[in-house]
Amino acid sequence: MQAPVMSPPSPALRSVTALGPASLSNLGPGFDALGLAITGFYDAVTLTRREALGVAIDATHIGEQCGTLRAADLPSCDQRNTAARAARLVLEAHGARFGATMVIEKGIPLGSGIGGSAASAVAGAVAAAGLLDAEGVLDAPVAEAVLVEAVLDAESVASGGRHGDNVLPALLGGLVLVDSAAPTRFRRIDGPTPALALALPHVQVLTKAAREALPSAVPLRDAVCNAAHLAFLLDAWRAGDWGEVGRAMMTDRLAEPVRAPLVPGYAAIRDAALDAGAFGCCLSGSGPAMVAVCHDDAHAAVVAAAMHAACRAAGHHAWTGPIAVDTVGGRVLS
C-alpha cells in the first residue's frame with residue numbers, strides 16, 4: 001500500500017515581546033518639554049506574525065499593579081489603541097507583506113500620571129521593529145526616526161497632540177528634553193541619575209481633563225521664571241546636584257499650581273516627602289503621581305514610606321516605593 005503523502009509542517013509563527021517603561025513628565029518647570037523614563041512599571045506587547053495585513057488586538061491582560069483599570073477601559077481598535085497604532089505604522093513604513101496579532105500586558109495604571117499610553121506605544125513600535133528583524137526583511141535595524149514618528153503619532157490619539165515628553169523618554173531611556181512645538185527635535189540629557197521616591201494615589205486624573213484646566217495665557221513674569229528654573233534644573237542634573245534639582249522641581253508657575261487641586265492630598269504628600277528630607281517633590285505630568293528626589297536608595301525608601309502614610313491619612317490607597325531611572329527605554333525581550 002502506498003504511503004500517504006504528508007504535508008510539510010507549517011513553520012512556527014514568529015512572536016516578539018517588547019517592553020515600554022513608565023515615565024515622569026514636566027518635573028516641575030519642564031511643562032511639555034521634559035520627561036524621564038523610570039523603572040518599576042512597564043507595559044508589554046507581544047506581536048505574532050499573521051498573513052493578513054494590519055494589527056489585530058487578540059487580547060488584553062491587566063497587570064496586578066493596575067488597580068481599578070479594566071480591559072474595557074482600553075481601546076480595542078488599532079486606530080485608537082496606541083500600541084496597535086504604533087506597531088502598524090512601523091510595519092507599514094517598511095512595506096511589510098504581513099500583519100500581526102497583538103497581546104497587551106498593561107502594567108501601568110490608567111490615568112496615573114506616569115505615561116501609560118506612551119509606554120504602550122513604545123512597546124508596540126519596538127515589538128514591530130523586532131518582528132521585522134526576526135522575519136529577515138530588513139537590511140538594517142529600524143531607524144530611530146521611524147520609531148520616533150510612530151510613537152509620536154500613536155501617542156496623539158491618547159493625549160490629543162504629538163506630545164513627546166512621555167513617549168520619547170520611554171523610547172530612548174533616561175532624561176529627554178523635547179521641543180514641544182516640533183517634537184521630532186529632542187535631546188537626551190546624559191549624566192548621573194538620582195534616587196527617587198514615587199507615590200501613585202489610587203485616583204484617576206486624565207490628561208485631557210487636566211490639560212483643559214490650564215490657562216490659555218500666562219503672565220510674562222511667570223513664563224520667564226519657568227524658563228530660568230528649567231535651565232537651572234538641567235544644568236544641576238548634569239552636575240549631579242540633586243539638592244538644586246529638587247529645588248528647581250518645585251518652582252513651576254504654569255501647570256502644577258492649576259493641577260495640584262485635582263490631586264486629593266497633594267499638599268500633605270509633598271510636605272511629608274520634604275519633612276522626611278527629600279530635596280524636592282512635584283507632580284508627574286497631570287498627576288496623581290508624585291515624585292521626590294532623595295539622597296540615596298535607602299533614603300528613597302524612607303521618603304516613600306512617609307508619602308504612603310500621608311496618602312492613607314488623606315483617605316486614599318496608594319502604591320509608593322523607591323524607583324530608579326530607566327536608562328534603556330523600549331526593548332525587545334524575546
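In this predicted model, helix H1 (residues 82-93) packs against helix H3 (residues 144-159) at an angle of about 145°, and their axes sit 8 Å apart. The two helices cross in a right-handed sense. On the H1 side, the residues involved are Thr82, Arg85, Ala86, Leu89, Val90 and Ala93. Facing them from H3 are Val146, Leu147, Ala150, Asp153, Ala154, Glu155, Val157 and Ala158. Sorted by character, the residues of this contact come out as 10 nonpolar, 1 polar and 3 charged.

One residue of that contact, Val90, turns up again in the largest nonpolar core, which has 43 residues. Val90 is among the residues with the most contacts inside this core, along with Val45, Leu47, Met102, Leu132, Val167 and Leu171. Helix H2 (residues 116-134) supplies the largest share of the core, 11 residues. Apart from this core lies another one, made up of 30 residues, including Leu198, Leu230, Leu234 and Ala236. Grouping of this kind fits a broader pattern: in soluble globular proteins, nonpolar side chains tend to be buried together.

Leu47 gives a feel for how the 43-residue core is wired up. Beyond its neighbours within four places in sequence, Leu47 touches Arg14, Ser15, Val16 and Val55, then Ala87, Ala100, Thr101 and Met102, and finally Gly124, Ala127, Ala128 and Leu131. Of these, Gly124, Ala127, Ala128 and Leu131 fall within H2 (residues 116-134), while Ala87 belongs to H1 (residues 82-93).

Further along the chain, helix H9 (residues 266-275) has Tyr266, Ile269, Ala272 and Ala273 buried. These residues lie on the same side of H9, because the arc they cover around the axis is only 140°. What do the buried residues of H9 pack against? Their partners are strand S7 (195-201), helix H8 (256-259), strand S8 (280-283), strand S9 (290-294) and helix H10 (297-313). After H9 comes Gly277, with a positive phi near 100°.

Asn26, in strand S1 (residues 15-26), is a polar residue worth a look. With a relative accessible area of 4%, Asn26 counts as buried, since the cut-off is under 20%. Outside its neighbours within four places in sequence, Asn26 is in contact with Phe31, Asp32 and Leu34, and also with Asp165, Arg259 and Gly285.

As for the chain overall, there are 10 helices and 11 strands. Buried residues account for 52% of its 334 residues. Among contacts with a separation of 6 or more, 76% join residues 24 or more positions apart.

Conventions: Residues numbered from 1 in each chain as written. Predicted model: local features only at pLDDT ≥ 70, side-chain atom pairs only at ≥ 80, totals over all residues. Heavy atoms only, no water. Helix = DSSP H or I, 4+ residues; strand = E, 2+ residues; numbered from the N terminus. Buried < 20%, exposed > 50% of the residue type's maximum accessible area, 1.4 Å probe, protein only. Contact = heavy atoms within 4.5 Å. Core = buried A, V, L, I, M, F, W, Y, C linked by side-chain atoms within 4.5 Å. Axes fitted to C-alpha atoms, helices over the stretch in contact; angles between N-to-C directions. Left-handed = near helix turned anticlockwise from the far one by under 90°. Arc of directions from axis to C-beta.
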